2 protein chains.
Amino acid sequence: MRQLAAEVGVQAAALYRYFPTKEDLLFTLMREHMEGLLEAWNAARPAAVDPEARLAAYVENHIAFHIERRHATHVSNMELRSLSHERLTQILKMRTTYEKELRAILRDGAEEGRFEIDDVGLTAMALIQMMTGVIVWFRPGERLSIAEVTATYLSMTMRLVGAKIGAYGAARPREKDAVAL
Amino acid sequence: MRQLAAEVGVQAAALYRYFPTKEDLLFTLMREHMEGLLEAWNAARPAAVDPEARLAAYVENHIAFHIERRHATHVSNMELRSLSHERLTQILKMRTTYEKELRAILRDGAEEGRFEIDDVGLTAMALIQMMTGVIVWFRPGERLSIAEVTATYLSMTMRLVGAKIGAYGAARPREKDAVAL
DNA sequence: GAATTAATTGAACGTTCGTTTTATTAATAC
DNA sequence: GTATTAATAAAACGAACGTTCAATTAATTC
């Protein structure tokens, strides 16, 4: 708390005007992170019904959102153990809601015969881990731009789910975040 | 340290006969984890030269190793920040060594035209994040066995790298750990 | 501009933590 | 069986932590 306060240029005690406890501060960060993710997806969710377009939108939104919030994401992923049982449940519930969206896309794609998927649940987890993992090694301004990373991850995703058309995979740079809220 | 000691049935002070500091204890855990991983891969590394077989061996070894050591892996991934700069560098060097093995496989496969890969470095990171991510949600004795999970991940991997033959992906349950040292 | 309210500080409290010290028990050597 | 060494326990130390409290400053109201 002292460190945090110093970074804001204030005394530790001042933080307690805004958050009753350290855990409240953490929880607020995490809740807002998840709310933001769900809102971003609702805004980016395409009207399209074909699974390829929906999956592409999901991947692009997920990667853009997390890269732009690398530090918040890192905290959200690392400090789950510091939450009370009740609050942990709340956060996990939001996560499940978000993951369900992906599973729905994968299921639809599989049922329509456009995707080739062994296990929808497993594939969803694998994809999310893969995509979120970007924040571990990505540093802005290094070898690859966000657009390049996103394009590569999109093409990997499409192959992973066995999408028939490669059109979505080829270098199709993401249009400059115009969509996200 | 007190908690740790209690779990071993000993007083906290007794631990200091074996490790001079808490960080030494952590570092030893991490170092042995990485050494074990490299040894396991060296033992499992196939004589084969075809990229598909090598990649399959890499995936199977990686998943088996990490699932069997879920807790050590979790600590190793979460507590990197608690290491001194020097020791962090040491661990990261071992990681790089291990990842290079995967990149070599991917590069060879791409050069031989058997894999379809946009970016070898990115693909290696994506695969490792995806595979290691298993420990986040996998609980032994639940819906899927280790063999089933491994088989599914293998098939996802093969598709992700654009391997031409699907033979490696289909349900090919891993033979009961006979190989690992 | 005095009175009141809000925001911030600086110091302190109580706990927990990693670690050290001293005493005690267990094991080994002669 | 005594002497010596090693392993453990019990207690304490000092620092860091989350948090509280009294005092002070800043902002707002009339």
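When I speak of a polar contact today, I mean a pair of N or O atoms within 3.5 Å, where, within protein, one atom must be able to donate a hydrogen and the other to accept it. With that in hand, and bearing in mind that what we are looking at is a predicted model, let me turn to the boundary between the chains, where 10 residue pairs are in polar contact between chain A and chain B, both residues of each pair being at pLDDT 80 or more.

On the chain A side, helix 4 (70-78), helix 6 (120-132), helix 7 (134-137) and helix 8 (146-160) each supply at least two of the residues that touch chain B, and helix 8 gives the most, with seven residues. By character, that side of chain A divides into 14 nonpolar, seven polar and seven charged residues.

As for charge pairing, there are four salt bridges between chain A and chain B; one of them joins B:Glu79 to A:Arg81, with the closest N and O atoms 3.0 Å apart.

Now to the extent of the interface: 28 residues of chain A are in contact with 28 residues of chain B, and the area buried between the two chains is about 2,500 Å², of which 59% comes from carbon and sulfur atoms. In chain A, the residues that lose the most area to chain B are A:Leu122, A:Gln129 and A:Arg159, which together account for 27% of what that side buries.

Finally, how are the two chains arranged? A turn of 180° with a shift of 0.0 Å along the axis lays chain A on chain B with an RMSD of 0.0 Å, and that is the relation of a two-fold axis. Moreover, 100% of the interface residues of chain A are also interface residues in chain B, so the copies meet through the same surface.

How values were computed:
Residues numbered from 1 in each chain as written. Chains lettered and ligands numbered in written order. Predicted model: local features only at pLDDT ≥ 70, side-chain atom pairs only at ≥ 80, totals over all residues. Heavy atoms only, no water. Contact = heavy atoms within 4.5 Å. Buried area = accessible area lost by both parts, 1.4 Å probe. Salt bridge = Lys/Arg side-chain N within 4 Å of Asp/Glu carboxyl O. Polar contact = N/O pair within 3.5 Å; in protein donor to acceptor, adjacent residues only side chain to side chain. Helix = DSSP H or I, 4+ residues; strand = E, 2+ residues; numbered from the N terminus. Nonpolar A, V, L, I, M, F, W, Y, C, P; charged D, E, K, R; others polar. Least-squares fit on C-alpha atoms with pLDDT ≥ 70 in both.
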